[in-house]
Amino acid sequence: MTPLVSSKNITRYIPQKAPIIMVGELMSNDENQTVSRLNIEAKNIFCADGLFMEPGLIENIAQTAALRMGYTASQKEGNEKAPKGFIGAVSKLKVHGFPKVGDTLETTVDIKNEIFGIILIQGTSRVNDEIMAECEMKIFVEDE
């Protein structure tokens, strides 16, 4: 599958900058779901002892949501700037495993509810078909 956004263009759609970029490609995006991929590299700041750790898994889910907002905004005529969002709460976090350096993490964000600039998402990260982490997040979108 060809990505909608490749790693060389990813920073156009998210507010984060290196070394805190935790999404690599946008694979799909529709009104209810977004899928991203991240190749886990040893130089990633959230890797320890060859594993991608919990803070990275959480940030990856949050950035997949940010990528969704940025990409969706870019599809609207004349909108060049990715909106900023802030994690308001993380709940129901379950970490089932840690991806290894060299793995490709695929993260799915499903929109559960969106009202008054607050988005409730369900995020799930997998390596192949094995769930690594899952959680709900409340994300507050900054008014421009």
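Visitor: Why is Tyr-13 called buried?

Guide: In this predicted model, Tyr-13 has a relative accessible area of 9%, and since buried means under 20%, Tyr-13 counts as buried.

Visitor: What makes Tyr-71 count as buried?

Guide: The relative accessibility of Tyr-71 is 13%, and because the limit for buried is under 20%, Tyr-71 falls into that class as well.

Visitor: How do you know that Tyr-13 and Tyr-71 form an aromatic pair, and why is the pair called tilted?

Guide: A search of the whole structure finds one aromatic pair, and in it the rings of Tyr-13 and Tyr-71 lie 5.8 Å apart, centre to centre, which satisfies the requirement that centres lie within 6.5 Å. Their planes stand at 50° to each other, and because stacked planes are under 30 degrees apart and edge-to-face planes over 60, this pair is tilted.

Visitor: What makes this a link between distant parts of the chain?

Guide: Tyr-13 belongs to the segment before strand S1 (25–29), whereas Tyr-71 sits in helix H1 (residues 54–74), and the two are 58 residues apart.

Visitor: How do you know that S1 and S2 pair?

Guide: Four bridges join S1 to S2, and because at least two bridges are needed for two strands to pair, S1 and S2 are paired, running antiparallel. Asn-29, for instance, has Thr-34 in S2 as its bridge partner, and the two strands form a hairpin with three residues between them.

Visitor: Which strand gives the most to the lining of the largest pocket?

Guide: That is strand S2 (residues 33–39), with three residues, in the lining of a pocket whose volume is about 390 Å³.

Methods
Residues are numbered from 1 along each chain as its sequence is written. This is a predicted model: local features need pLDDT of at least 70, side-chain atom pairs count only at pLDDT 80 or more; totals for chains, interfaces and linings use all residues. Side-chain values use heavy atoms; hydrogens and water are left out. On a 1 Å grid over the protein atoms alone, a cavity is a set of points where a 1.4 Å probe fits but cannot get out, and a pocket is an open set with protein on both sides within 12 Å along at least five of seven lines; lining residues have an atom within 4 Å of a point. Grid points are joined across faces, edges and corners, and a volume is the space filled by probe spheres set on the points. Rings of Phe, Tyr and Trp (its six-membered ring) pair if their centres lie within 6.5 Å; planes under 30 degrees apart count as stacked, over 60 as edge-to-face and the rest as tilted. Buried means under 20% relative accessible area, exposed over 50%, partly exposed in between (1.4 Å probe, protein chains only).
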